[in-house]
Amino acid sequence: MNKSIIAITIAALGFIIGLGLLGNAIKNRNRSENTVSVTGLGTKQFTSDLITWSGSFSKNNADLKSAYDELALDRKVINDYLLSKGIKQNEIVFSSVDIQKQFRSYNDANGNYVQGEFSGYNLKQIVSIESKEVAKIENLSRNITEIINRGIEFTSSSPSYFYTKLSNVKQEMIASATKDAKERAEKIAENSGSSLGNLKKATMGVIQITAPNSNEDYSYGGTFNTSSKEKEASITIKLEYEVD
């Protein structure tokens, strides 16, 4: 008899405990469903403080040594010209010389391409500059015809612009995007007659850097514009809050 009473008592306690656990599970499940997800946006406009620019020059000659000597003379003229424009020597970098053999080519009577006899060497070299004096290098890139007027076959590329304090910009945008997202969540909760609870999850998007007022597309992995001196960066923050 005592054994039966004990067994019934244990079963009853187990039943009560089970109901309690089930109740908590349902409560927690319903609580997890009472959430709100919002996305905030942070933006920042800034001006590049670092510029890179490069140009190439070349020489052609049937004799390799002569071609190299002629290229070396052009290299000195270019280096001296850049120094005369206030460019520091440690900012001027010349690449190694690229040497290509050239051949006289033609199409035969059947229209087939034929590589003919050797006609000489083409030597090419690139000069590049990296500087924080953005305006000075911009002006230099626009007036590079002065080098061409000295009889040098010089091809200039467009400058590229960068910003060295991007980490500071990113922190400001994250703070701005987070504030924006929280204000949105508070407004949603207020309009629904609820109050905002604890933050459950935060997800940060990738940084997008474009030219201001441009139609550049955003990229899944992030966009980084280098062609514009003026830039606009943006980032999104997705927050998920509990709602009480």
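**A walk around helix α2**

Let me begin at one end of a helix: where α2 starts, the backbone nitrogen of lysine 65 has a side-chain oxygen of aspartate 63 within 3.4 Å of it. Before I go on, please keep in mind that what we are looking at is a predicted model.

Staying with this helix, α2 is made up of 21 residues, and the distance from its first C-alpha to its last is 30 Å, which is close to the 30 Å expected at 1.5 Å a residue. After the helix comes glycine 86, which has a positive phi, near 90°.

Now, which residues of α2 are buried? They are Ala67, Leu71, Asp74, Ile78, Asn79, Tyr81 and Leu82, and because these residues cover an arc of only 160° around the axis, they sit on the same side of α2. As a general reminder, an α-helix has 3.6 residues a turn, so residues three or four places apart point the same way. If we turn to the other side of α2, we find Lys65, Leu73, Lys76 and Ser84, which are exposed. As for what the buried side faces, the buried residues of α2 pack against the strands β2, β3 and β6, which span 92–94 in the case of β3 and 154–156 in the case of β6, and also against β5, α3 and α4.

Let me step back for a moment to the chain as a whole. Its secondary structure comes to five helices and 10 strands, and of its 244 residues, 27% count as buried. If we take the contacts with a separation of 6 or more, 74% of them are accounted for by residues 24 or more positions apart.

That brings me to the interior. In soluble globular proteins, nonpolar side chains tend to be buried together. Here, the largest nonpolar core has 22 residues, and the members that touch the most other members are Ile78, Leu82, Leu140 and Phe154. At least two residues of this core come from each of β2, α2, β5 and α3, and the element that gives the most to it is α2, with five residues. To take one of those central members, phenylalanine 154, leaving aside its neighbours within four places in sequence, is in contact with Trp53, Gly55, Ser56, Phe57, Ile78, Val127, Ile144, Ile147 and Ile148. Apart from this core lies another one, of 16 residues, and among them are Met173, Ala177, Ala181 and Ala185.

A residue in strand β2 also deserves a word, namely serine 58, since β2 runs over residues 50–61 and serine 58 has its place there. Is serine 58 buried or exposed? Its relative accessibility is 15%, and because the cut-off for buried is under 20%, serine 58 counts as buried. Beyond its neighbours within four places in sequence, serine 58 has contacts with Leu71, Asp74, Asn122, Leu123, Lys124 and Glu153, and of these, Leu71 and Asp74 are among the buried residues of α2.

Let me move on to charged pairs. Side chains of opposite charge can pair when their charged atoms come close. In this model the count comes to 11 salt bridges, and I will pick out a few of them. The side chain of lysine 85 meets that of glutamate 146 in a salt bridge of 3.5 Å, N to O; lysine 85 lies in the loop between α2 and β3, while glutamate 146 belongs to helix α4, so the pair ties together parts that are 61 residues apart in sequence. Both partners are partly exposed, lysine 85 at 36% relative accessibility and glutamate 146 at 31%.

A second pair is lysine 229 and glutamate 138, whose closest N and O atoms are 3.2 Å apart. This one links distant parts of the chain, with lysine 229 in the loop between β9 and β10 and glutamate 138 in helix α3, 91 residues apart. Here lysine 229 is partly exposed, with a relative accessible area of 28%, whereas glutamate 138 is buried, at 8%. There is also a network, in which salt bridges that share partners join Lys88, Glu133 and Lys136, and within it the side chains of lysine 136 and glutamate 133 meet at 3.2 Å, N to O.

I will close in the loop between β9 and β10, where asparagine 213 has its place. Most residues other than glycine have a negative phi. Asparagine 213, although not a glycine, has a positive phi of about 60°, and at 80% relative accessibility asparagine 213 counts as exposed.

Conventions
Residues are numbered from 1 along each chain as its sequence is written. This is a predicted model: local features need pLDDT of at least 70, side-chain atom pairs count only at pLDDT 80 or more; totals for chains, interfaces and linings use all residues. Side-chain values use heavy atoms; hydrogens and water are left out. Helices (H or I, at least four residues) and strands (E, at least two) are DSSP runs, numbered from the N terminus. Buried means under 20% relative accessible area, exposed over 50%, partly exposed in between (1.4 Å probe, protein chains only). Contact means heavy atoms within 4.5 Å. A nonpolar core is a set of buried Ala, Val, Leu, Ile, Met, Phe, Trp, Tyr and Cys residues joined through side-chain atoms within 4.5 Å. The expected span of a helix is 1.5 Å times one less than its number of residues. The arc is that of the directions from the helix axis to the C-beta atoms. A polar contact is a pair of N or O atoms within 3.5 Å; within protein, one must be able to donate a hydrogen and the other to accept it, and residues adjacent in sequence count only if both atoms are side-chain atoms. A salt bridge is a side-chain nitrogen of Lys or Arg within 4 Å of a carboxyl oxygen of Asp or Glu.
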